[in-house]
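Student: Can you walk me through this structure? I'd like to start with the cysteines.

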Number of protein chains: 2
Amino acid sequence: MKQKAGSGQRSPPGPQSLALPARPKTPKPHKIAVQDLRASLVQAQVEHLAADFPVIVMIAGFDAAGKGEVLQVLNEWLDPRHLETIAFNTPSDEERERPPFWRYWRHLPARGNIGIFMSAWNTVALAEEAFAKSRPKRFARAISHIANFEKMLVDDGALIVKVWLYLSRKTQRKRLLKLEQDPKTRWRVSPDDWKHNAAHDRLDALSRELMKATDQPGARWTVIDSEHPRTRDLAVGHAILSQLRQHLAHRAPAKKPAATASRATPVPLVALGRKLLEQVDLSKKLASTAYKARLHEDLGNFNRLAWEAERTARSIVFVFEGWDAAGKGGAIRRLISAVDPRFYGVVPIGKPTDEEKAHHYLWRFWRHLPRDGMVTVFDRSWYGRVLVERIEGFCTEPEWRRAFEEINEFERQLTEHGAILVKFWLHVSKAEQLKRFKAREAVAYKRHKINTEDWRNRDRWESYETCLGDMVSLTSTEFAPWHLIPANDKRHARAEVLRTACRTIETALDA
Amino acid sequence: MKQKAGSGQRSPPGPQSLALPARPKTPKPHKIAVQDLRASLVQAQVEHLAADFPVIVMIAGFDAAGKGEVLQVLNEWLDPRHLETIAFNTPSDEERERPPFWRYWRHLPARGNIGIFMSAWNTVALAEEAFAKSRPKRFARAISHIANFEKMLVDDGALIVKVWLYLSRKTQRKRLLKLEQDPKTRWRVSPDDWKHNAAHDRLDALSRELMKATDQPGARWTVIDSEHPRTRDLAVGHAILSQLRQHLAHRAPAKKPAATASRATPVPLVALGRKLLEQVDLSKKLASTAYKARLHEDLGNFNRLAWEAERTARSIVFVFEGWDAAGKGGAIRRLISAVDPRFYGVVPIGKPTDEEKAHHYLWRFWRHLPRDGMVTVFDRSWYGRVLVERIEGFCTEPEWRRAFEEINEFERQLTEHGAILVKFWLHVSKAEQLKRFKAREAVAYKRHKINTEDWRNRDRWESYETCLGDMVSLTSTEFAPWHLIPANDKRHARAEVLRTACRTIETALDA
């Protein structure tokens, strides 16, 4: 809500002249204005291509204000090679069966690209609220989700240009009537349009509330009067141009994280963090016979619970983190042996692909979220951001610092949707790790599991302990607590993982 | 169906000894065999990582033969970092609303990776046929689709290892009963299992027919007797190992296409090909007023037809190809202006991403196919394979030669599913193109559309004509003919595109 159409922008030709009938013989100021704008837009796009941030253009506003026409004009004015248009219709079942923002994540533009979004998150929140009955808190929550989502993208460098096409109730009514009169355009008018016309005042008030709460640096709203189509189009074009130019100019050159500078042992954010890890009782053991009996029983339980989750459309997401050689793979294999292969997927997290690198770091995890009723096991996860990336300087300090809250928000959305999230840290002592490294090097088919990186990570044990402490302290939430598993004894670890999984799922299903 | 378990492979320890009760004090030949196998498998995987082909392991066979157990063993034996397991359940709506193979394409492993497929295309074809009534041709068609699909992947370098876990009817029955008796394993037995047990003979005959018809180099079947689990597991492991080793050894080193050698003007495959292009009447024109009237009417028609397609769940796929500056962008924008943005997507085809390069060249197009009722416009397309890639030597001659049939098969699957496919070639004269290049260079916001590549392509006009002739001759099928649009006059071209689209869709909807 920074600016009304025409104000504070390069002045488009006077709207009055456009309202008059065509004056063929005079020079055409509109045409000249469009040519200037197009040249500047394309020039800005060329600069943007070389920059490493995505642009999201959000077209929202009143029905019949001309969202479709604006979209078409933008498609004509902008270079189409790095441009996507994403308009949302009824969600598919794959979309419905995941947290609401999944469908937006899957369509986010890559760095260097522009994505034009229509009928997306803002529109959905408004439409849901406008005709909702007595659910006062929902709108506030929806708005806060939107603000968080956009902030996270902006923090990552994205530019979000949001335009609200304003139309008075009277003009809207006139346009709808005109569209209805022509058999060729009648299809454009839906019963919802009339419902919205009747609720114009309410929608206007709600949209102002939403815009006020979600207007933030890097994600500004521009309200554009849509009475006159040509003025409207130019105003939208100028809103994009000026914000893109500003973003290109003011964005600090991408700070390459100082990999060497960060080599010092990290300073803990939370003093008591490491205490939690030190309290893990690594002496715990389980004898072979007890293990077998317990495993057998708990696998049966887990199987029953997985079916129950499937029946009640609850997805289960496991996160496995742990020291190198702590036994993640073995624990995962035992766990999933109880589940029908059609219902689970294991996602090993290694080096990101270039499509993944071209997006927000959480994008690659969103793309693997399970549908309702399914099980996904992440073998390493988004916590790499606050562990290896923090320690090795693969991301900047502001980046890993804000990651804690971003991760909590991500997990909140997951669990609010109904997913059951179970996070394990498999803990071993430094001595036990050494023993296992050596044992692995002695066995031909295990040798590939050990490389120089593992030895280097081991050298940075103290740094990891600090970061782990912070991770456990700052991301153990009520909805997604960490489970620290003593794993010096493999049998004990596997049994404990299984039992913890059962207990967590059982509680979640009962709730 | 090359080998029975144990035959022709490194001999696993005698099955007899395994059937006997455990003999604790003797050395454990099974354990040693497993250790050897694991070491070899992991070694082969290391070599595979450096190679540039994907491996698909297909686990199929009788119920209760142990597909799940084999999967688990493989997950234990193989390095999980480049391994995916893909098991298929009921298709989602996003899957149902696209050609049947879409769900398999979306899960194909990248080069260097191994994907273990369960309950995939072979299993589905068998299950559908086993209990089908009086649809004699369907199975033959399903088999031919499978053989084509696998051949295409193999031609692209993939290794497909297919194992069929055989179990006699009697043993199957015994296992099902045993599973049912234990409350902890009862869930594993479904009513379908009993149905399949009753139909064992029929399934056996059908599976042999399927295996015989789909056994081809690079995609061999291995039938494995699954009476004894340990022997079975070793046999599966050895099947993968021996085929992977062979593939690594015998695969010719990736032939880098000789970019310079192919610089000569290509030799046409079809003599009459170019004639078709020469016959395009480039003198066709449309006056401004006639154009406007016609456009208005046809946009209305197209809109009506797009709604009708949506209502009847038919998707529409447009392919736009044409000389540089032939006016593809403008024609696309006019066309889609008649469609609600929620129902269409435009996919500009430029340089592939690395995820795309790591797959078969058609993969990137499969991933963008529309759901039923939706419209997708490809701005350039899979035809790049037989145009720019052929001319510039970006692919080898065998690759572009077989592309014609691969493309026809792709389009056949699309249209068999119900998609309406409309392919345009926008044709301009060499003189008209020059005029447009110069005009573009004169306009600031159009200058970005012209680059050195465009001028280079222009220099190779003759080569393009040859390749175009072949393309039009070899990929104009009954289900997906080419429409050659005279485009020296932009108005004529746009009107013609729109009218052709309407005519094609109308015919398809009436049929």
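Tutor: A disulfide here is a pair of cysteine sulfur atoms within 2.5 Å. Keep in mind that this is a predicted model.

Student: How many disulfides does a search of the whole structure find?

Tutor: The search finds 0 over all chains.

Student: Why is there no bond between Cys467(A) and Cys395(A)?

Tutor: The closest cysteine sulfur to that of Cys467(A) is in Cys395(A), and it is 10.0 Å away, too far for a bond.

Student: Is Cys467(A) buried or exposed?

Tutor: Cys467(A) counts as buried, because its relative accessibility is 0%. Cys502(B), at 7% relative accessibility, counts as buried too.

Student: Switching topic. What rotation superposes chain B on chain A?

Tutor: A rotation of 180°, with 0.0 Å of shift along its axis, and the RMSD is 0.0 Å. That is how a two-fold axis relates copies.

Student: Which surface do the copies meet through?

Tutor: The same one: 100% of the interface residues of chain B are also interface residues in chain A, so the copies share that surface.

Student: And what ipTM and pTM does the predictor give the complex?

Tutor: The ipTM is 0.82 and the pTM is 0.86.

Student: What pLDDT does chain A average?

Tutor: Chain A averages 89, and 91% of the residues score at least 70. Over residues 1–20 of chain A, however, the pLDDT is below 50.

Student: How many contacts does that stretch have in the model, beyond near neighbours in sequence?

Tutor: Residues 1–20 of chain A have 41 such contacts. Where pLDDT is low, though, the predicted coordinates should not be read in detail.

Methods: Residues numbered from 1 in each chain as written. Chains lettered and ligands numbered in written order. Predicted model: local features only at pLDDT ≥ 70, side-chain atom pairs only at ≥ 80, totals over all residues. Heavy atoms only, no water. Least-squares fit on C-alpha atoms with pLDDT ≥ 70 in both. Contact = heavy atoms within 4.5 Å. pLDDT = per-residue confidence, 0-100. Buried < 20%, exposed > 50% of the residue type's maximum accessible area, 1.4 Å probe, protein only.
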